[in-house]
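Subject: Structure handover

Hello,

Here is the structure I said I would pass on. My notes on what was found in it follow below.

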Amino acid sequence: MKRNSFGYWWGLVLLCISCLLLGCGKQQKEIIEITMIHGWGSTGADHVAMRQIYEDFEKEHPWIHLNLLSMPSSTDVVDKVGDLLTVGEIPDIVFTGGEGRESIYRFMVQKGYAVDIMPYIKEDKEFAGNVSPFILKSWETENGKLYTVSDVLLMSGYWYNQQIFSAAGIEKAPATWDEWFEMCRKVEELSKERNSPLMPIVLDKEHVAYLTAALLVDEGDEEAAKIGNDKINVNTKAFEHTLEKLEKMSVFARLEEEYNYLDTLSDFNKGESAVYINGVWANTMIDEDLPAAYAAFPSEDGNGIAARSACVGYILGNTGDEKRIAASVEFLKYMLSDVVAEKILTSTGQIPSNPNIEITFENASDRMKQAVDCVKEAGVIMETPENLWNRCSKEVYEKNVILYLKGDISEEEFRKRMSEE
């Protein structure tokens, strides 16, 4: 009995030693923890979808734990990151969603707080193939560095209600500004006939910014086509002609200085406005039953003007911790991968920056495909207002030009406020 007991325990000891030895050969990978601050924190379907894509990263990279700090909007991200940087805290990943070019992006680059992504692109052929040449053209510095990469491109013109256009006797979207004003006149006449609240267009802050950019580009203002003007120059012939057209447009419009894009969208979805200026991505927010189509902004030559931009996207924080930086790069590779790019397209309606992803009738709705093709076919491609002017200048302009168009301030006062900005 004793002999059997001794053999049992000796066998158990040998088994434990074997397990330990086997365990040493298969050491568990160290968990790297990184934090990302992003603006996909609301309850909107696209926000929920993007958060899910972020969370799925850990399934493919179980050795990386991604802490998500979700903010309601990109503006909140810029403010939050600004506060952290002030006290010396550098997040591992920041996603600004197009905001912060002249603030946190510039600050992080100047202070050495942003990782140069270019070396990682050059050493990984697959990664390099997923980065849009459009992004490199927009954001590569003169000395060959790259501090931000976006997973999407912004493509913008405007949506219009085909049913309203048809009822007003408008056979096709206006190709020139003269046709645009004729469209406004016809829609206004239709509204009077119906005794309805229908307006050709609601001029809110974003509508005014996009129209200003398109008009300036059409006037041959070269500065309006480049990233980083910082300030709108109101003392040029190009702007004088632009302001004249905006004044003419305001006669047919409802001016809303406190509206945001959701308010204007609501009017469009209810059939109370014929035109809605926003990106192709807004397709998912427009009522499915609304007969909406897309058009480029008018131009004097009739070939159209549209916006296509790579805005500030992901910025990787130069924390000094090589493991965390490497994990952040893995996350960026994941977001630009073919599989995730397809998910972004199908689940959020945004246009992936990954150049390998084609927009087709198989992965996009007919309406979205038409909108994307429309932007691509425009005669002139300009930058979005987010890339043209800094946040402060843009907000000052948007507020005061609407006040001027409403007649609340004089042209002299408008120009004075712009010169003081």
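Met155 has Arg308 in β10 as its bridge partner. This is a predicted model, and that pair belongs to the contact between strand β4 (residues 152–156) and strand β10 (residues 305–309), which run antiparallel and are joined by 3 bridges. Both strands sit in an open sheet of 4 strands, in the order β12-β4-β10-β13 and with mixed pairing. At the edges are β12 (351–352) and β13 (380–382), each of which pairs on one side only.

Two helices pack on this sheet. Helix α10 (residues 205–218) touches β4, β10 and β13, and its direction makes about 130 degrees with that of β13. Helix α15 (residues 366–376) touches β4, β10, β12 and β13, with a direction at about 80 degrees to that of β4.

The other sheet to look at is an open one of 5 strands, ordered β7-β6-β8-β5-β9, again with mixed pairing. Its edge strands are β7 and β9 (292–295), and each pairs on one side only. Direction ignored, neighbouring strands here are turned by 35 degrees against each other on average. Helix α10 packs on this sheet too, where it touches β6 and β8; its direction makes about 95 degrees with that of β6.

Strand β6 can be followed in detail. It runs parallel to strand β7 (residues 253–255), and 3 bridges join the two. One pair to look for is Leu203 with its bridge partner in β7, Leu255. β6 also pairs in the parallel sense with strand β8 (residues 273–276), over 2 bridges. There, Met199 stands opposite Ser273. Is β6 buried or exposed? Of the 5 residues of β6 (residues 199–203), 5 are buried, so the strand is largely enclosed by the rest of the structure.

On the interior: in soluble globular proteins, nonpolar side chains tend to be buried together. The largest nonpolar core in this model has 55 residues, of which Trp180, Leu211, Val275 and Phe414 touch the most other members. Helix α10 gives the largest share of this core, 8 residues. Which residues does Val275 touch, apart from its neighbours within four places in sequence? Val275 is in contact with Tyr158, Trp159, Tyr160, Phe165, Trp180, Met183, Pro200, Ile201, His207 and Phe268. There is also a second, separate core of 52 residues, which includes Val77, Phe127, Tyr314 and Leu336.

Next, the pockets. The largest pocket holds about 1400 Å³ of space. It is lined by 48 residues, and those closest to its centre are Ser74, Gly97, Glu99, Glu206 and Tyr261. The elements that give two or more residues to this lining are α2 (45–60), α3 (74–86), α4 (101–110), β4, α10, α12 (261–269), α14 (338–348) and α17 (391–406). Of these, α17 gives the largest share of the lining, 4 residues.

Val251 is a residue on the outside. It lies in the loop between α11 (237–250) and β7. Val251 counts as exposed because its relative accessible area is 59%, and the cut-off for exposed is over 50%. From Val251 to Leu153 there are 98 residues in sequence and 33 Å in space, C-alpha to C-alpha.

Last, some figures for the chain as a whole. It has 18 helices and 13 strands. Of its 421 residues, 50% count as buried. The C-alpha atoms fill a box of roughly 105 × 45 × 35 Å, taken along the principal axes. Among contacts between residues at least 6 apart in sequence, 73% join residues at least 24 apart.

If you open the model with one element in mind, I suggest α10. It packs on the sheet of 4 strands, touching β4, β10 and β13, and on the sheet of 5 strands, touching β6 and β8. It also gives 8 residues to the largest nonpolar core, and is among the elements that give two or more residues to the lining of the largest pocket.

Regards

Methods. Residues numbered from 1 in each chain as written. Predicted model: local features only at pLDDT ≥ 70, side-chain atom pairs only at ≥ 80, totals over all residues. Heavy atoms only, no water. Pairing = 2+ DSSP bridges. Contact = heavy atoms within 4.5 Å. Axes fitted to C-alpha atoms, helices over the stretch in contact; angles between N-to-C directions. Core = buried A, V, L, I, M, F, W, Y, C linked by side-chain atoms within 4.5 Å. Buried < 20%, exposed > 50% of the residue type's maximum accessible area, 1.4 Å probe, protein only. 1 Å grid on protein atoms, 1.4 Å probe; cavity = no way out; pocket = protein on both sides within 12 Å on 5 of 7 lines; lining within 4 Å. Points joined across faces, edges and corners; volume = space filled by probe spheres on them.
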